[in-house]
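Welcome, and let's take a friendly walk through this protein. We will start with the whole chain and then turn to its interior and one pair of helices.

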Amino acid sequence: TIAFDFHPHTLAALFSTLLGFDLWSGRRRCWVWVPLALVCCAPASLYVAGAGAAGIFGSGNRTLRWRGAGVASCGLAWLLTAGALGAAGLGGRGLQLWYGYLAGPGSAHLGAAGIAVGIAAHPVAVARLVYPRVPIIVGFLVAVGLVGVLSVWGLFPALAVIVPSALNSSPLFLRFPQSFQTWPALPFVLVGTASVLAGAYPRAGGVRRLAVGAASLWVTVAVILAAEVLPGLAPDWISVSVPAARLLATARERIPPGAEVIADNGIIGRFAERSDVRLAGPGYVPVDRARVVFVLAGGVGVADPFPSQTAAEVGSLRRAGAEVTAAGYGVVVLAWTPPRRTRRILLP
């Protein structure tokens, strides 16, 4: 909580995994998890569609295949609806920012259908973007066994979840500390790995030795990957200097109990115990208290905005009447008394 703000993708991953389990088990209860996953966030439509696709091809029972098709259809319908309403990707802005290279200049609105058409129309641009990311994607899959993608239950959820991250012009969702949109595929690949190895091991001779060899290789590669990645996580996640942390602690103590706090992504977790705390822009942020305190910290904390964005926000807030109460080490704290009947404020 201290290092990162909460994302509902974690809940969507839970419900999608339960959905996959019940589809695999042939339980009708799988329908319970579909709406619970979909209401968490727009990307959950991909998780649901991937699980449904696995249900279609992973079962020899006709009834279960139709059930998987129904689940996949719900996911795709939700994806198209969210895109059409501008409810996906930061109100639609993110889709244009992340996948705009597929649509070309002049595209006013980009949805799931437009992205699909753009992929078909610009295969070279897609290949140039995805090819350097293949080792990163393999690293994710190695952590959960890799061979799980040979299983239907590992392959289709992995494609549905990882491909959109690979096609994103920003590498953010493929960075290990911030890849929360990619993680939901990993439980399915892990189950697929167990399934593949369990299916191979009982066989005699070379296939059994191959299964044991694959498992041994996975352990070796996983250890190497951990040795390479884990040492870099601490400075990435705990990226607030001691002086900045002291300033934040002092600011937190001085904020009135009834004030609303609007804070940047990298340090918002420090205010998580408050009854009214919101993530700073860009865009409109709701205002519902008589006193509002902004804690802006570009360049401080994980997944933080750029310092230039913080400077723009500070300038905009000061023009709106906010006063700087503390500043230093990349942190700026401003207090603001909004005019009567103010319900939101626009941050650049």
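Of the 348 residues in the protein chain of this predicted model, 43% count as buried, meaning under 20% relative accessible area with a 1.4 Å probe, protein chains only. The chain holds 13 helices and 7 strands; these are DSSP runs, with helices (H or I) of at least four residues and strands (E) of at least two, numbered from the N terminus.

In the largest nonpolar core there are 31 residues, and Leu 19, Leu 23 and Val 48 touch the most other members. Such a core is a set of buried Ala, Val, Leu, Ile, Met, Phe, Trp, Tyr and Cys residues joined through side-chain atoms within 4.5 Å. Each of these helices supplies at least two residues of this core:

| Helix | Residues |
|---|---|
| Helix 1 | 9–25 |
| Helix 2 | 30–38 |
| Helix 3 | 44–57 |
| Helix 8 | 134–143 |
| Helix 9 | 152–167 |
| Helix 10 | 186–200 |

Apart from this core lies another, of 18 residues, including Ala 251 and Ile 267.

Now for the helix pair. Helix 1 and helix 3 pack with their axes (lines fitted to C-alpha atoms over the stretch in contact) 9 Å apart and at an angle of about 15 degrees. The two helices are therefore roughly parallel, a term for angles under 35 degrees. Among the residues making the contact (heavy atoms within 4.5 Å) are Ser 16 and Leu 19 of helix 1 and Val 48 and Ala 51 of helix 3.

Residues are numbered from 1 along each chain as its sequence is written. Local features need pLDDT of at least 70, side-chain atom pairs count only at pLDDT 80 or more, totals for chains, interfaces and linings use all residues, and side-chain values use heavy atoms, leaving out hydrogens and water.

Terms used: Buried means under 20% relative accessible area, exposed over 50%, partly exposed in between (1.4 Å probe, protein chains only). Axes are lines fitted to C-alpha atoms, for helices over the stretch in contact, and angles run from 0 to 180 degrees between N-to-C directions. Angles under 35 degrees count as roughly parallel, over 145 as roughly antiparallel, 65 to 115 as roughly perpendicular and the rest as oblique.
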